[in-house]
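Got your viewer open? Let's take a walk through this one, stop by stop, with something to select each time.

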Amino acid sequence: MRVYNLFIVLFCLTFSSLCFSKLLIVGVVPQYAASKIVQQWQPLLELVSAQTGYRFELRTAKTITEFEQRLNEGVYDIAYMNPYHFITYNTEQGYTALAHQANKKIHGIMVARIDDDIDSISDLQGQQLAFPSPLAFAASMLTRGSLSQRGISFSPVYVGSHDSSYISVSKGFFKAGGGVVRTFNALPVDVKKTLKIVWKSPGYTPHAIATHIRVDSDTRRNILSALLELNKSDDGINALENLGFQSGFISAKDSDWDDIRNLMSEKD
């Protein structure tokens, strides 16, 4: 036992960053498959880790519903979440805004097959339509709200992710589906070339990077500093481009999402 304990001490003295660095659990709303989320986010997290000395464990969720459950339970120390998630879990779990993508507004879209005779959402009367999940803000809440406001009756089917929405439309399972511009532009060429955008919403404050209330102010400040520095190095620029965030990040405050709060209060 003494030999084992001595080994642990020597290991930690040699690799002290592995033993003593702060571990933060990271969540990302699953707009894509888990493998794609890891591919997009891991390079950025590794750079922020090198800058801050913190370890980041990316815990992917299979569905948006599972991600919401984890937010509700406070599983994540830091999370990338949609605007509606932020105003909800800012209140319910104390998630506090840290950053969001710079020079960016989020737009909901409806897509249809390019060879179909769907030219606007008015052509979707009485159709079954694909959406990622009930609380996917731009891809589902904005799109469904716009359809309802125009008196267009439809049957929503929730398929779990943005990619699933696009692919199910591409394969002809649904006449149209909801998404957002960024995830549409990130589609593989063989899928994207089969689709067209038939409706686009006004722009709103984009997804939030937010930290749980248990994350202290020094940790928040260090992470934010690392995020803001990313576009000042070649590796950082590559990581941002890999994520589709060429404009980088800016610091954020909770009130940045008042446009979403106001929109939701109008719906009530």
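Start with H207 and show everything around it. Leaving out residues up to four places away in sequence, H207 touches V29, Q31, Y80, M81, N82, P83, A99, H100, I106 and W257. As for where that puts you in the fold, H207 sits in the loop between β9 (195-200) and β10 (208-211). Buried or exposed, then, for H207? Its relative accessibility is 7%, so H207 counts as buried. Now pick out Q31 from that set of neighbours: the side chains of Q31 and H207 make a polar contact of 3.2 Å.

Before the next stop, zoom out. Keep in mind that this is a predicted model. Colour by secondary structure and you'll find 12 helices and 11 strands in the protein. The C-alpha trace spans about 75 × 40 × 40 Å along its principal axes. How does the radius of gyration fit with that of a compact globule? For 268 residues a compact globule would come out near 18 Å, and the protein has 20 Å, which agrees.

Switch on a surface if you like. About 12700 Å² of the protein is exposed, with carbon and sulfur atoms supplying 51% of that. Of the 268 residues, 50% are buried. Colour by charge next: there are 26 positive and 26 negative charges, and their mean positions lie 2 Å apart. If you draw a contact map, look at contacts with a separation of 6 or more: 75% of them are between residues 24 or more positions apart.

Next, select I64, which has its place in helix α4 (residues 64-73). At 2% relative accessibility, I64 counts as buried. Who does I64 touch, not counting residues up to four places away in sequence? Show V29, P30, H85, P132, S133, A136 and G160 and you have its contacts. V29 should ring a bell, since it was among the residues that H207 touches. For a sense of scale, draw a distance from I64 to N238: their C-alpha atoms are separated by 27 Å, with the two positions 174 residues apart along the chain.

On to helix α7, residues 162-170. Why call it largely enclosed by the rest of the structure? Seven of its nine residues are buried, so that description follows. To see which, select H162, D163, S165, Y166, S168, V169 and S170, the buried residues in α7.

Stay in α7 and centre on S168. This serine has 6% relative accessibility, so S168 counts as buried. Setting aside residues up to four places away in sequence, S168 touches A130, F173 and F174. While you're here, step past the end of the helix: α7 is followed by G172, which has a positive phi, near 85 degrees.

There's another positive phi to visit. Jump to N103, in the loop between β4 (96-101) and β5. Phi of N103 is near 50 degrees, a positive value in a residue other than glycine. Is N103 buried or exposed? With 79% relative accessibility, N103 counts as exposed.

Follow the chain on through β5 and select Q125, in the loop between β5 (108-113) and β6 (127-131). At 43% relative accessibility, Q125 counts as partly exposed. Its contacts, not counting residues up to four places away in sequence, are G151, I152 and S153. Turn on side chains for Q125 and S153 and you'll see a polar contact of 2.5 Å joining them. You can also draw a line to L147: its C-alpha atom and that of Q125 are separated by 8.9 Å, and the two residues are 22 apart along the chain.

Last stop: R220, in helix α10 (residues 217-229). Which residues does R220 contact, leaving aside its neighbours within four places in sequence? Light up T96, A97, L98, T211 and V215. Within that group, look at T211, whose side chain makes a polar contact of 2.7 Å with the side chain of R220. To finish, stretch a line from R220 to K36: the C-alpha atoms are separated by 26 Å, and the residues are 184 apart along the chain.

Notes
Residues are numbered from 1 along each chain as its sequence is written. This is a predicted model: local features need pLDDT of at least 70, side-chain atom pairs count only at pLDDT 80 or more; totals for chains, interfaces and linings use all residues. Side-chain values use heavy atoms; hydrogens and water are left out. Helices (H or I, at least four residues) and strands (E, at least two) are DSSP runs, numbered from the N terminus. The radius of gyration is taken over C-alpha atoms; the globule rule is 2.2 Å times the number of residues to the power 0.38. Buried means under 20% relative accessible area, exposed over 50%, partly exposed in between (1.4 Å probe, protein chains only). Contact means heavy atoms within 4.5 Å. Accessible areas come from the Shrake-Rupley method with a 1.4 Å probe; for residues, only the protein chains shown count as cover. Lys and Arg count as positive and Asp and Glu as negative; His and the chain ends are not counted. The place of a charge is taken as NZ of Lys, CZ of Arg, CG of Asp or CD of Glu. A polar contact is a pair of N or O atoms within 3.5 Å; within protein, one must be able to donate a hydrogen and the other to accept it, and residues adjacent in sequence count only if both atoms are side-chain atoms.
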